[in-house]
Amino acid sequence: MSRTLRYREALNEALREELRRDETVLLMGEDIGVYNGAFKVTEGLLAEFGDQRVRDTPISENTVVGMGVGAAMTGLRPIVEIMTINFSLLALDQIVNQAASIRYMFGGQVQVPLVIRTPQGGGGQLGPTHSHTWESLFLHVPGLHVAVPSTPADAKGLLKTAIRSDDPVVFIEHERLYGQRGEVPDEGEEHLVPFGQAAIRRAGDDVTLIGTSRMALTAWRAADQLAAEHGIQAEVVDPRTLRPLDLDTIVASVRKTNRCVVVEEGWPNGGVGATLAALIQEHAFEWLDAPVVRVTGADVPMPYAKSLERAAVPREADVVRAALSTLRDV
Amino acid sequence: MFAAVMADHPLPDAGVATEWLQAMHLIRRFEERASELYAQGRIGGFLHVSTGEEATIIGSVRALRETDYLVSTYRAHGHTLARGSEPGRVMAELLGRVDGLCRGRAGSTHLFDGARRFMGGYGIVGAHLPLAAGFALAADRLGTQDVTLCQFGDGASNQATFGEALNLAALWSLPVVFMVTNNRFAAADAQDKESSTKDLVKRAKGFGVKALRCDGMDVVQTHDVTAEALAVAREERRPMLVEARTYRFRGHSAADPDEERTAEQLEEWRRRDPLVTFGDRLVKAGILDDERRGWLDRDAIARIDEAVAFAEASPEPDPQTLADDLYAGSGR
Amino acid sequence: MPRLSDAMEEGTILRWLKRTGDEVRRGEPLVEIETDKATELVEAHADGVVEVLAGAGTVAPVGAALARIIGVADERVLASPMARRLAREEGIDLSSVPGSGPGGRIVAADVTGPPAPAPEPETEPEPVPVAVAPELPAVGGTAKGDTTAVELTRPQQTIARRVAEAKATMPEVTLAVEIDLEPVLALLDQLGARALDPRPELDDLLVKACGVALAEVPRANASFRDNRFELHGRVNVGLVVPTKDSVIIPTLFDADRTPVPEIARRRAELLARVQTGAIAAPELSGATFTLTNLGSYGVTRATAVLTPPHAAALAVGAVVARAVPAEGVVAVRRVMEATLTCDHRILYGAEAARFAARIRELLEAPAALLL
């Protein structure tokens, strides 16, 4: 059985369930307690679990993440919220040089069961320092896991898996998805979504559309438009986690459709699309009827003006056009 | 100036005191040997030695309980040895061999011995201060009485993590002792060129952290002051800062020049060699004679010889193991 | 992929002696191919720049494109990786495929789909008042009725390819002989009385006769290839056997020195295996000559198609009773017409005639065949 929840509510449930289940789970972040979270994801948790387990922190991203690493090394399961992914840049040393590296560089003597939760994405006219889509940055780092849920059910299931994982997870939510509604299995049903398992949102034979985070939904809507207006049946694949990546599902889909479009909100150079395109042509070259096409955020710092911002973020029409270009001259 | 202070800190009993001197000799001889191997090109990358800081290290580490956490910088050979790591395994790590503490993954910069609660070994200046606060947080949450001792140099006190970690430790009442080894010089720059507030005790106070000071060249004083700070952290559940004033006998790392120091300064501090001053004190107290003292040193040399032999006999890691231990789970 | 042996269906690329981008001259060694028989060094067929399409280790069917030699005048064909692979596998020349993808790119569907409709090459015959009924104008549907397109099976594709190749490349000579079959038929009666199992039949004696004759005329037991005569050391007669949808040619090895009863036994075995589909590749290869018997269909004369690269093939028709002059009187004797088809590049008229005559000779005095 399931019910309709918003993405943020599904995350809240996941946190609540795991806090109840495991005494060593601990939350740290700016405004997560008294204020109930900048995006209300941690609403009510301070009230239920107290200020020892739900800790408001000063604005010290690097040290708070570092404390999360240290606490994870010595017996806790900390979940650090970085208010938005833009501020994760301040904590990159702790994320890359400590969280991702410690298990490996210390020869496997210790593990770092840390979750860093942070939303990404633009679209609210927040300007260049507050609109980043950084999934590709963390995808780049060995030693991390990277989750990019696009639906409430996946948000809950992947977060629970992340918290129980013994490895550091960068759990990337999306500001524009927090209000999205979706079906989520009932409480009491242990709903875990494994890492490394993509979801096929829609089956089709003509072209594969791969979208991450919010772009998974954009791709989905583009597929509907392709079917309704062009009679083209697109297969929509949502990777759900970028590390580990379910390459098998992606390759199987491209071998079936012979065409692929990757949609991401981030910048093109070294982006998710670049990585996937490389992998796809490595594993499915002889099945390609067209080059892999990427639809990405514009290669500029995110501008403020509405018209400019709109032009800088991929939309359904861009994905539709990209899909058509693999099939015929557009 | 320091003599008066010495009188306030009596020697521990003979056996303990002798062990301290022995441990200091072990560090000294290890660091000398490591420097030789580095000059020969058999140790690669960075080599940061603790020559001259033996008193700070032994004094402070001997104040720790077995279950307390110790975390330090990239200059940590002395710390691992002090905590009881086998010299052979430390040397093997420096040589990048399979039997090294970290199986050759870490080298000199990132030593780690989890079983002895030596928590690393970090290459980025100041990066481990947050980790230390994290260890203290976990100890607190798990209800243990363990305290974390976090050592770093004065250069790190200008990294953002210094302020952030002290602030958070004070805010959250974390049982952690931040110990600054003030060697007066960070890399090639004198401290005077780095810090607007040169007094570290004052700086700590600005973040709400009480501080103590000790002579880092005096192993007994360092021990006592550290013990006091640890006790405050353990019982009163709050952070402390200890400034240990020391002098490094060589450049910042084995590859750096000694240019900034004047010849007189160098000579003065050589008179302050902690092995000499402490050894003299033990002899004066009748605990040691010169012969036994000589034996201690030769014993240290012999143990280091063994360590090098062990390390050299250990194989280099197989490239097939390159991806081992990247994840604890089955992730990719 | 060149056909390196007559029954070769596919080969393995062992190693390339040139890489993509290398220049090559006609006749230079290009690639080493392995078949189940042998390893051969194949030469470039033209001057130009090599483009390798299939790597070492690839197993490809005969006719598949392994590489292109791009001459100066060549233009690179715009085709997707999928289309190239399919073209390679099906042995289709991409330059003949129209592209429907973006920019005129050839895509998979262009290679595998139904070919673009070609204009009707035939012109409708002028209506002739008397003999030929005029074509009715099409009223919904065509005059020929609804067309059912049937895709070729692999064997059918192979047959189509081979016979087209034979007709296109081999200059044929055909000649016929009429054979008095009474002696053979009498001999078969005698053999029948001996309760041999299986009982020898006409075809067995035909095989033997061909075998002996082939052994005596080396250029008939040969192939013309690469501008050379290849005279084969063994005499292996391929029996052309029609099956439901195809034609199968099992081989009777060493027909010249195998006793007739043994030929009979082997032939029966091979036919049985053809029927059950259990016939194996080695049994379908190695023939140096083919024999077709269409007599059971009542056909009196047939012209065999050469199986490249054989020099010759024999087709025999039905046994018919005919009135023939014999020693000055008209007698009724049973005869059979045998038609020999030869590749004139290796087996010229006179020698072909001699060969055909020898077969007749052997069949008209068949006791020798039993030796």
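This passage describes the chain contacts, the nonpolar cores, chain B and one residue of chain A. The model is predicted.

Chain A touches chain B. The contact takes 39 residues from chain A and 36 residues from chain B. On the chain A side, three elements each give two or more residues. These are helix 3 (61-73), helix 4 (92-99) and helix 5 (102-105) of chain A. Helix 3 of chain A gives the most, with nine residues. By class, the side of chain A that touches chain B holds 21 polar, 14 nonpolar and four charged residues.

Chain A also touches chain C. Here the contact takes ten residues from chain A and ten residues from chain C. The chain A side of this contact divides into four charged, four nonpolar and two polar residues.

The nonpolar cores come next. In soluble globular proteins, nonpolar side chains tend to be buried together. The largest nonpolar core of the model has 206 residues. Seven of its residues touch the most other members. Chain A supplies A:L209, A:A219, A:V261 and A:A323 to this group, and chain B supplies B:A133, B:V176 and B:V177. The surroundings of B:V177 can be listed. Not counting residues up to four places away in sequence, B:V177 touches B:V147, B:L149, B:C150, B:A229, B:L230, B:A233, B:M240 and B:V242. A second core is separate and has 53 residues. Its members include C:V177, C:I279, C:L347 and C:L363.

Chain B was then taken as a whole. It has 332 residues, and buried residues make up 53% of them. Its secondary structure consists of twelve helices and seven strands. Among the contacts in chain B with a separation of 6 or more, 74% join residues 24 or more positions apart.

The last site is A:P185. This residue is found in strand 8 of chain A, which covers residues 181-185. A:P185 has 16 other C-beta atoms within 10 Å. A buried residue would need 20 or more, and an exposed one would have 12 or fewer. A:P185 is therefore partly exposed. Leaving aside neighbours within four places in sequence, A:P185 is in contact with A:S2, A:A153 and A:H191. A:A10 lies 175 residues from A:P185 along the chain. The C-alpha atoms of A:P185 and A:A10 are separated by 9.7 Å.

Definitions and conventions:
Residues numbered from 1 in each chain as written. Chains lettered and ligands numbered in written order. Predicted model: local features only at pLDDT ≥ 70, side-chain atom pairs only at ≥ 80, totals over all residues. Contact = placed C-beta atoms within 7 Å. Helix = DSSP H or I, 4+ residues; strand = E, 2+ residues; numbered from the N terminus. Nonpolar A, V, L, I, M, F, W, Y, C, P; charged D, E, K, R; others polar. Core = buried A, V, L, I, M, F, W, Y, C linked by C-beta atoms within 7 Å.
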